[in-house]
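The following exercises concern a single protein model and the molecule bound to it. Please attempt each task before reading its solution.

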Amino acid sequence: MSIASDVFTLKNSNGVEVTFIASGGQITSIKVPNAAGEFADIVIGYDTVEQALAGDGYFGALCGRYANRIVGGQFSVDGQDYQLDINNGPNHLHGGIDGFNSRIWEVESVASDNSSKAYKLSLLSPDGDQKYPGELRIEVIYRLTEDNEFFIEYIAETTKTTIINLTSHAYFNLKGAGTGTIENHKLQINASGFTPISGEIETVTGEIIPVAGSAMDFSSSKAIGTTCNSNDEQVKLVDGIDHNFVIDDYDGSLRLAAVLSDPVSGRNLKVFTDQPGIQIYTGSHFDSSETGKLGAPIIKWAGLAMETQIFPDSPNKEHFPNAVLRPGETYKHTCVYQFGY
Ligand code: GAL
């Protein structure tokens, strides 16, 4: 039986190291080199496990059952209406008050070969958990390869028709956690559309609009600060970026979704996924009230979350990708973070 504070580390022969805890499967550090062989911890968070357990429950965590927002916490499947907890403004966020990010995941080492090392994280979510229907069995594999790729592979099965959208919530700062904001980081996203939000409902309207000509245009690599500091209406609503991008040519196969790079350290990060969307969040709510790594305050825009996912509020938007999981079906999701320089 795992306990919340259990710490696990994956390390490859290049010295890349991914550390996580059983609570929420929270990734607490990722150490990667740059071209000069200098290592930095590139996920924001805390210096100790104790702080991580007491701090922001979403840092590096596995989120579910439904990561992101569901308008009014309401949805229906097979003619049955469900009302989930409202835990974020008028909406349901990241699976509710006791989401998967605060559960103790059962962690076991799985057979590794010369090219990768892995852990399996398992969770049993009972029927009615957070008012979602069906008993859900979830397995997540964290795998680190010799090519400096960190794979997150999810599978889940249910006993009753339910909805599902799992993701991982690390905030990256390629210069190193605690060294400033990500305004100078460059971002490129393979998305020609995004799902705009409304200030009134505090999440997506249901539209999919082109990024072209707007602050959300990351089709070519661009400094994130250019967008965060712009007067764009969508940016102003959330004081940065907190938007779902619609990945081009989605067909369920693994494809490159985004590339983040830091001109100062020279490090970069490629995100691959088989999911239709990616939530880009600049950590706009951090207000320096918490002390993070290197003893530095966790400041606004301290890191960038890139959460591969189905779209927000998909269960209520017929034209959004399917988030319904039925008995006998298997939910599958792969996200790969590849570290380079
Ligand atoms: C993100 C979400 C943000 C914020 C954050 C958790 O996924 O898009 O709005 O809620 O999670 O603090």
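**Exercise 1.** Determine which pocket the ligand occupies, and classify the residues around the ligand.

*Solution.* Step 1. The ligand takes up the space of the largest pocket. On a 1 Å grid over the protein atoms alone, a pocket is an open set of points where a 1.4 Å probe fits, with protein on both sides within 12 Å along at least five of seven lines. A molecule sits in a pocket if more than half of its atoms lie within 2 Å of the pocket's grid points.

Step 2. The model is predicted: local features need pLDDT of at least 70, side-chain atom pairs count only at pLDDT 80 or more, and totals for chains, interfaces and linings use all residues. Residues are numbered from 1 along each chain as its sequence is written, and side-chain values use heavy atoms, with hydrogens and water left out.

Step 3. Residues around the ligand (those with a heavy atom within 4 Å of it) include Tyr 58, Arg 69, Leu 93, Asp 242 and Gln 279. By class, this shell holds 4 nonpolar, 4 polar and 3 charged residues. Here Ala, Val, Leu, Ile, Met, Phe, Trp, Tyr, Cys and Pro count as nonpolar, Asp, Glu, Lys and Arg as charged, and the others, Gly among them, as polar.

**Exercise 2.** Find the distances from the side chains of His 94, His 169 and Glu 307 to oxygen atoms of the ligand.

*Solution.* Step 1. A polar contact is a pair of N or O atoms within 3.5 Å. In the side chain of His 94, an N or O atom is 2.9 Å from a ligand oxygen.

Step 2. For His 169, the distance from a polar side-chain atom to a ligand oxygen is 2.8 Å; for Glu 307 it is 2.7 Å. On its own the ligand has 310 Å² of accessible area (Shrake-Rupley method, 1.4 Å probe), of which the protein covers 92%.

**Exercise 3.** Locate Glu 202 and Leu 294, and state whether each is buried or exposed, or in between.

*Solution.* Step 1. Glu 202 belongs to the loop between strand 19 (197-198) and strand 20 (203-204); strands are DSSP runs (E) of at least two residues, numbered from the N terminus. Its phi is positive, near 60°.

Step 2. Glu 202 counts as partly exposed because its relative accessibility is 40%; buried means under 20%, exposed over 50%, and partly exposed in between.

Step 3. Leu 294, in the loop between strand 26 (277-281) and strand 27 (304-309), also has a positive phi of about 60°. Leu 294 is exposed, since its relative accessible area is 62%.

Terms used: Polar contact = N/O pair within 3.5 Å; in protein donor to acceptor, adjacent residues only side chain to side chain. 1 Å grid on protein atoms, 1.4 Å probe; cavity = no way out; pocket = protein on both sides within 12 Å on 5 of 7 lines; lining within 4 Å. Helix = DSSP H or I, 4+ residues; strand = E, 2+ residues; numbered from the N terminus. Buried < 20%, exposed > 50% of the residue type's maximum accessible area, 1.4 Å probe, protein only.
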